[in-house]
Structures are given as structure tokens and as C-alpha cells.
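User: I have a model open and would like to understand the labels used for its rings and helices. Could you take me through the reasoning?

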Amino acid sequence: MRTRPLHLVRTRSLSPLSLYERLFHRSLPRPLTIAGHPPPPSSATDRRCLPLTRSFCQFTDKEMASNTESGRSFARRDRLLEIEAQVHKWWEEREVFRAESLEMPPKLGEKFFGNFPFPYMNGYLHLGHAFSLSKLEFAAAYHRLRGANVLLPFAFHCTGMPIKASADKLCREVQKFGNPPAFPTIVEEKHTDPEPQPEEANEGNQVAPDKFKGKKSKAAAKSGGAKFQWEIMQSYGLSDEEISKFQDPYYWLTYFPPLAVEDLKAFGLGCDWRRTFITTDMNPFFNSFVRWQMRKLKKMGKIVKDLRYTIYSPLDGQPCADHDRASGEGVIPQEYTLVKMEVIPPLPPKMRALEGRKVYLAAATLRPETMYGQTNAWVLPEGKYGAFEINETDVFILTERAALNLAYQKLSRVPEKPTCLVELTGNDLLGLPLRSPLAFNDTIYSLPMLSILTDKGTGIVTSVPSDSPDDFMSLYDLKSKPAFRAKFGLKDDWVLPFDVIPIINTPEFGDKSAEKVCIDMKIKSQNERQKLDEAKKKIYKGGFYEGTMLVGEYAGMRVQDAKSLIKSKLLELGEAVMYSEPEKKVMSRSGDECVVALTDQWYITYGEPNWKEKAEECLASMNLFCDETRHGFEHTLSWLNQWACSRSFGLGTRIPWDEVFLVESLSDSTIYMAYYTVCHFLQKGDMYGSDTSSVKPEQLTDEVWDFLFCGGPYPASSDLSSSLLNKMKQEFEYWYPFDLRVSGKDLIQNHLTFCIYNHTAIFPKHHWPRGFRCNGHIMLNSEKMSKSTGNFRTIREAIEEFSADATRFSLADAGDGMDDANFVFETANAAILRLTKEIAWMQEVLAAESSLRSGPPATYADRVFSNEINIAVKMTEKNYSEYLFREALKTGFYDLQAARDEYRFSCGSGAMNRDLLWRFMDVQTRLITPICPHYAEYVWRELLKKDGFVIKAGWPEADSPDLTLKKANTYLQDSIVSMRKLLQKQVSGSSKKVKANVSSQQNKPTIGLVFVNEQYDGWKKECLNILRSKFDSAACSFAPDQEIVEALQQSPIGQDVNFKQTQKQCMPFLRFKKDEVMAVGVQALDLRLPFGEMAVLEENSELIKRQLGLERLEVLSITDPEAVSRAGPDVSVLNKNPPSPGIPTAIFLSQ
């Protein structure tokens, strides 16, 4: 059981800091001082003194023994941590990850530029980040290993509202409860709080390294899971004095990014840290870059001011984009037609206050074309409604939630504040006479429906029983059940006179589709929810795409054509208004439920036809690594439309021409990959860009940026030196376009698609992105990663618990596809054991060099092992190049280790070959380098005594694999396994027959006779020849079975008098061989194997004898009558199980 991290007092005397430093041997970062912003923590010690898991020295002897027994040896883990600390020193001394451009443009494959969506900096990085990032890290390390010039930069996102919202929460808590706050004591109750899956690179995922228990106060439960921000900060291990500083949002920017850099360095990220930066106007150079980007898009007509519906946070007073949301990412506005159903006077007593106004039940519908068939309106009897003032004359009756949305859509007398004139319930509305637009019935009535949801639409529903199964069954229940009518006090003339009105005809369901589908599905009541939902799906799609209008001025027209015309007519006549609401519930990070507002603001015109066409062209040329990813992008491009790019709340860059607004967080992060190529010249390695002694931000004019990135003319008016300008331009031209961007799949629907759009708008085609690789989320031990359940790890915790390389090992093993992957703690623990044991084995081999066999590889085992090394090199190269890191781990480590172990056993008492072992250690070290670079670097330098760094050692050379030898060895190993099983069966069978006083050991077989048939003959040969003649290699298919049977009948064996008996044996054999061809290829039809079976078995007779415990082994041919006679009385075994190519038959004898 993993213990809860310690919350340490932040003083130097307690030394958790010294433990962390001892494990990682890193110097402390200097305190940051940035002009105009608050200083960082008072000392480096304060900033580094963070909650740590218990160290190995804090466990009891009993715990230590238990952990050692289970394979979790802290000594082994700590040995890896010591190695990692030493390797970090080597790397830093030589700046091995420093990336420099060359004057000559790179040829294909000579450079690799990969990047990762910068994570949001309101907490620590966690394993969700590490999982996605590891895909980029492994890819970059592979390209670096094979000799490419690699650039892997990393930056930190601070734009948007989460940090500001959290800082403001702290301010409010201090104002209300004091500093430090004295929160009210509330009795806690146990409550499991499932959390959304952490999203890689997603802004605003606050992460504490602590494990939260599944408890919430009653107040917190009512507030949707909210807790005090001060408590969240305490869970980070911060003192009250330190937390108080986080009331300034810019303090967050000085606190978390440096810690993230340290964690990523400990992780072994091969990053050029000179190029790191933070976003927002705190970094004046990046701020200049974003302002140039926005001006350029506006000049191109890609940014416009428009009035449109958008998800909006009333508390924040601004649109709430995906990364501003605590929940509801990807949710968009759902538009309805709000039909005005006028209440016919006189008004009931409860509504007397509304006299003199036009009062309407406001029903939201997605199907205005069906309004001709209205028979009534539906309300929820127990639902809460209100009469809300829309303007001086009109009053809408609907739910408060819907009224709030309308108020933000300019449909309230007081803007953004609904005014309720009368509070009502659904029961108050029953029996209201209504005059509804387009309805053939002059008067309809409001009736009860028990399945209405008041959190969707307006709580008022139009009833069209001809085309809605719900409406049909609800009306049917009321008409057929007098007691049901009486329960709600309904008069018969409100219900009984109203029949189904045919308005739409569909080929499948006719002109009363709802009635027909309910009858067909035997639906008896409005309470059969599942059946009704299924019925609705059946008829709605057909009604829209195949339906024809039967009534109204658009009779005869297809429904999909008439729908928009009818909607427009209702709006023009003032009989309806447009209404929009979030399609699902959206909560902002400030804690309020979002609405849809009609806002006048700045939008980027995604979806514009010509621009969309260029984005589709770019996408078509990109490597996306799987079809599911491509389909995700294609779907996003099909619906993505104008995107609000301005905000009035939060941190970021001011919109240049309208500085009241900020650039929102998904709009300043679309082309910053280009900024990586030059930022080290501007910022001099300072992530905040605070050093402006050489270059001043104001010198970076639009002409300078155009020159650097867009092929613009040399900025003659610039006072920057030509050498600096030309060097920066060289950097961009050398590294761009980027080759790979790795991300979680959740960013396809926004950030990654925005990246494509912006690149096609701003850069020439040869600088468009080359590849995106998307992955799923990560689970821990097959369960969702969640802070509330404790199933959670930060990167720092994982490194302390497993070491960096064991963490990376388990991340590689977790999975590579779009499905959610699984980080298994036991895999990480096993990696600790494997890596440390491998080091020990290599040390033993090196120490015993004199006992090894010298000279070139000569034996069969040598040849097989050498071939396995060649196979590992080729297959692992293929897997790395396709970014299949789990497969690379299998072929480059697991399979190679298995081959080494098999070689050790095969050599027996004979020594292993020195040159082969030296080659194995070299190759295995290189192949594991992208995944476990610290381990590999240590082995390379300390054990193998190689020069330079293994991370740049080059891909190992290898001959083409000998596939025949591979098959021969597989045949050998499979044969040994089969013979061992047969021998064990024979021994266990014979031991039961011996007398109790006779040792079974005396009857143990010591002689093995292995009979081989190296070529098919007889009827099997004829079957194979027929199959070969009936196989189409181009189509990879066989002729029909009847044709094969006819060929068999016409063959020589078909003329045999015993053919019927032979045919019974032929048919299963034919089926088996056809299946085998589909599995392994046409070589399955060969009459003999591509190697000599007898030669393989004879050459390895000593190995077979050793593995089976035999004293003598004879390999015999079944075609030799004299050899068959050696079987003696056991010849029946040969007759019953005759050998065939690839399947020898063994007989075991006692002396």
C-alpha cells in the first residue's frame, strides 16, 4: 500500500530537500526576480521544499524486507537514481541536447524538430503529461541516436483564466475568512468524487502531488465538488505564508515553471532549455510575437468582429472556451426555434399580474416544420417555471435556466438579468388555452408530461403526435385513461377532440410515423423509456432526409429543404425567436454554470471555405500515424466554424487594435513552434525574457517577424544587426517545418486543428506541419487516473518511487494507440529489477572475459544468436521509425534478452563467444537508449568504456536477417518443447505401472529416437500441388472449394479405389493448409522446409540431450526401412503419428 506523501514543514532543518538533492545531485535554481512582478519564493530552499513520498530510509525493516521480497528493492531503485544523477552531470557539462542549425539546408532525415503542446502552469506536471510527452521524447531520442540533428524545445502556457480565477478565489477567501483563513467547520460525509481523466497538455488541470481522500463536505457536495482554493494550495505542501503570495496571479508564473523544468530534467527530457519560455505579457518577446500573429491574421481578413452565439461564463463576464472550462470541453451552442404559443385571455387568477401583456408559453423545438401537427403543449406538473419579462409587451413562461440564457441573448428587458414577474409551477399551467403558430387546431391546451427535463430546452414542449413517439404515447395515455386525466384535473375537451394530424410522409413509416413505429415495437405506455428512445431514432432521421411535406405552403417539398424556409417564416412573422443553450452542461473554472450569450466580439473565421480547403490540403499531406486520428481531424474540419479569440478576463497578450481584450488561450498557441527557433537569441535562455540588454521587444516590428518567418523583404528600417537577423532567419529556415507534434487526442477538436489553420494562413506551403501523433489518456494499474481516489502520480513522485528510467520503461510499455493506455506499477518495479540485474550480469561477463571463447562465431548457437541480434536491430528500427514504442521495447529489449538467455543455455558447458557477447552488449545498449537513456549512458561509458555519448552513438549496424536460420531455430525450439512434453507424459505414465518397491528412476528413458520426414509425399503431396495451382498470389486467395475438390477427384489419387477413405483425410489437411497460407504465406504449400531438419537436429543433439536429460539421441529418416526397424515394438507409434515436414516424431527408450 502506497503511503500518503508527507506534508513537510518548510524549514531547512528537516532535510527532505537534501534527500531530493542527494537523489538527483542537482544544484538549486537561483531565485527569479522579474521587473514589475512579484519575486519568487524567498529562497530556493523554500521553493524546492515540496511534499515527498517516504524515502527508503523511512521504511521499517519489516517493510523493507516485504518490499524486497516482492521485487521492490529500494537499494536497486536508489542505484538507478544515483546513475541518473551522474548521467545528468555528464550531459549538462557537454550540453548534449543543445541544438544548432547548419548553414546548408537539411536533406530529408538529417534533422528532426518535434514539439509538444505546452502544459498549463497552475500545478505540477503529472504522469498524464509524461505519457504524451514520452512519445515525443522517444521519437526525438531515436532520431538523435541514428545521427539526425534534433531540436526538442519545451515551454509553459500561462494564458487564460484558470490562474487568474484561482488567484481571485484566494483573494475572496482572505477577504471573507481572514489571512490565513479560518474556514467554517462542516461535518464531513464520505463521498466518492470521480474526476475527469487528466488531459495531457490541457490548460487548467491543477495538480497537487498529494493523494486526496474521497471526502467532500455537504457544502462542497452542493457546490458541485468545489473546495476552498486555500485548501487546494495546502495540498501542494505550501505554508500559509507562502499561499498568501499566490493572490497575485503573476506569482504562479514564477513558482511552477522552474519546478517543471527540474522535473523534466530529472525525467531525462532531451530538451534544449535555452529555448524555453512562458506565455503572457510577462514575457515581452513572446508577447510581441503573438501581437504580430494577430495583426497578420486581421490584415488577411481572418479575424472579424461579429455578433454570434458562444458559450459564456456570467461570473467571468466573458466567453468560456474549451480550456476555460472545468467540465464540458468540446460542448458547443445548440440552436432552437423558440415557438411563441400565446395564452388566450382571460388569464387565470395566478397570472392576473400579467394582464395587459402578451403572455406566451415559449417552447423550444429543433423541428419547426412539424408545427402544423400540434395537438397540445406539454409541461412538467411539478416543474418550476416563471413568467419572465422579455420586453415592454411580451412575457415568456419558461424555466429560470432558459430565461437566463435568453437574457444573455438580448431577450430580456434588463440585459443579462432575467426579470421574473410571477413564479409558477407546471400545475398552474395545466389547461391553459393556447394559440400556436402554424397549428391547424385554432386552440390547443397545455397538458402534463412526466418525462420532461427542465435542464434542457425551456421546460415547455410542443406536441406533434404524428411524428414524435413520446408525444403519441403521452397523448394516447391521456385519451385512454380517464383516471389519469382526473389525477391532474383535466377536462375531456382539452384532450379527447384532438387526433393525430398527418403532416409528413416517409417511405418506411407512411404519414403517421410515430403511431406506426409504436405499434410495430409494441410500445404500450409513455413510461417505456428505452423503447421510445429507440423509436425516436428510427423515425427522426428518415423523416428529415426522406420525408415529404404533406401540408402548408411547402406541401410536396422535401423536409430537409422546407425546414429552413418554415423557420425563416416563423421568425419573420414574429411568431418565434431564436434561442440557444449549451448542448450539455458546462462549468467554468470559476465555478459557475455557463450559458449561451449573443456576443459582439472578435472571431477567427475558421470554416471559411477557401481557408478550410487549404487546411484540408495540409491535412492530406500530413503523417497522422493512424486512421482514427485522421477521421478525428476530418470530422473537426467538417463542423468547426468561427472561434471567439478575445477575452476580457485572465492573463495573456492584449489584442493590438482593441486592448480592452486579451487573446484567448487557444489562439496564442497555434504557431508558437516557430518562436522556438529564434527565442534563444532574444531571451538568452531566460524563460521570462527579462533580459532586454541586447534586443528590445519594441525592435521586433512586424517587418522583422515577416522577414524571419514569412519570406518578407529584409527590414531595412530595423536597427537590429544584420548578422543577428540573418542568423535567426537561418534557424527558422533550417528547422521548419516541424516534423512531429505529439498530443492527447482531446486536442484534435481545437488546438491541433487551429494549428493547421493558422499555419496554412501565415506560412508558405513548404513550412506547413508534417506530422501529428495523437494518443489516448493513461490509466494507472487499469484504473482511471484520479486525485480523489489516490490513483495518481506527479512526474516527481513517479521518479522518486521508481526512478526516471523505470518510469520511462513503464510508459513505453503502457501502449501506443488512440485507446487509453495503462501505466502498471509492477512493470516499473520489474524494470528496476531488470535494469540493475543486467548491469550486474554485464559486470560479471566483463570480469570473466578470459573464460570466454575467442575467435569468430562458429557454432550453430553462435549463428542463431548473431542472427537474433540482426533481427532485433532491423525490427526495432522499424518500430521506432513508426513510433511504436511498446513494440520497440519488445523487439529491442525483451526479445533480445530472451535470445541472450537462450544462447547461454545452448552453449552449455562450452563457453560463449566473446565477440558475440560484446556485440550484444553494444547493440542492446543502443536499442534501449531512447527509452532508458540514463541506464544506457552509464553502461556505455562505465562498463563498455566507449567514447562519446550513447545518445549520439549511431544506430547499430546489422546484416540482413537470415530468415531461414530463424525458422530453423524456431523449428528446433518447438521440437524440443514437444519432445519434452511427450517424454514427461511417458515417464508419468510408466511410473504408475511399476511396482511400489521399484524406483521409477530405473525406468526413466535415456535414449531418444527422433524420426524425421523432410518431404511431403503420397496424397499430401498431391493436395499441396493442387492448392498451389489453385492459389492466386496477386489476390492472396484460393479458388472455390468445389473447384479444389474437383481437381482432387481428377488427380491420380482420385482414381484410386480407396479414394473415399483417402478423401476423409484430405479434406481436413486441405483446410489446415489453406488457413496456414493465410497466416504465414504461400511457403506453407512447399513440399519441404527451407532447411534440412535432420541436419538441424543432429547439429544440436547435445542441446537436445541436455534439455531432455538423455544419454543418447539418434536422428533417423522415416524413409529408411532400416531406421524404422530401430523402433522395435514401438513402431505402432510411428504408424499412429507419422512424422511430416516440420513435425518430427520421437520415441523414448530405456537402457
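User: What makes Lys-298 count as sitting over the ring of Trp-657?

Analyst: Happy to help! In this predicted model, the charged end of Lys-298 is 5.3 Å from the ring centre of Trp-657. The limit is within 6 Å, together with a position within 35 degrees of the ring normal. Arg-941 also has its charged end over a ring, that of Trp-90, at 4.2 Å from the centre.

User: Why is the pair of Phe-118 and Tyr-672 called stacked?

Analyst: A search of the whole structure gives 80 aromatic pairs. In this one, the centres of Phe-118 and Tyr-672 are 3.8 Å apart and the planes are at 5°. Planes under 30 degrees apart count as stacked, so the label fits. The two residues are 554 apart in the chain, with Phe-118 in the loop between β1 and α5 and Tyr-672 in helix α21.

User: How do you know whether Phe-118 and Tyr-672 are buried or exposed?

Analyst: Buried means under 20% relative accessible area. Phe-118 has 4%, so Phe-118 is buried, and Tyr-672, with 0%, is buried as well.

User: Why is the pair of Tyr-606 and Trp-611 called tilted?

Analyst: Their planes are at 40°, which is neither under 30 nor over 60 degrees, so the pair is tilted. The ring centres lie 5.4 Å apart, and both residues are buried.

User: Why are helices α19 and α25 described as roughly perpendicular?

Analyst: Their axes cross at roughly 105° and come within 9 Å. Angles of 65 to 115 degrees count as roughly perpendicular, so that description applies to α19 and α25. Among the residues that meet are Trp-611 and Leu-619 in α19 and Ile-756 and Tyr-757 in α25. By class, this contact has 7 nonpolar, 2 polar and 2 charged residues.

Terms used
Residues numbered from 1 in each chain as written. Predicted model: local features only at pLDDT ≥ 70, side-chain atom pairs only at ≥ 80, totals over all residues. Heavy atoms only, no water. Phe/Tyr/Trp six-rings, centres within 6.5 Å; stacked < 30°, edge-to-face > 60°. Helix = DSSP H or I, 4+ residues; strand = E, 2+ residues; numbered from the N terminus. Buried < 20%, exposed > 50% of the residue type's maximum accessible area, 1.4 Å probe, protein only. Axes fitted to C-alpha atoms, helices over the stretch in contact; angles between N-to-C directions. Parallel < 35°, antiparallel > 145°, perpendicular 65-115°, else oblique. Contact = heavy atoms within 4.5 Å. Nonpolar A, V, L, I, M, F, W, Y, C, P; charged D, E, K, R; others polar.
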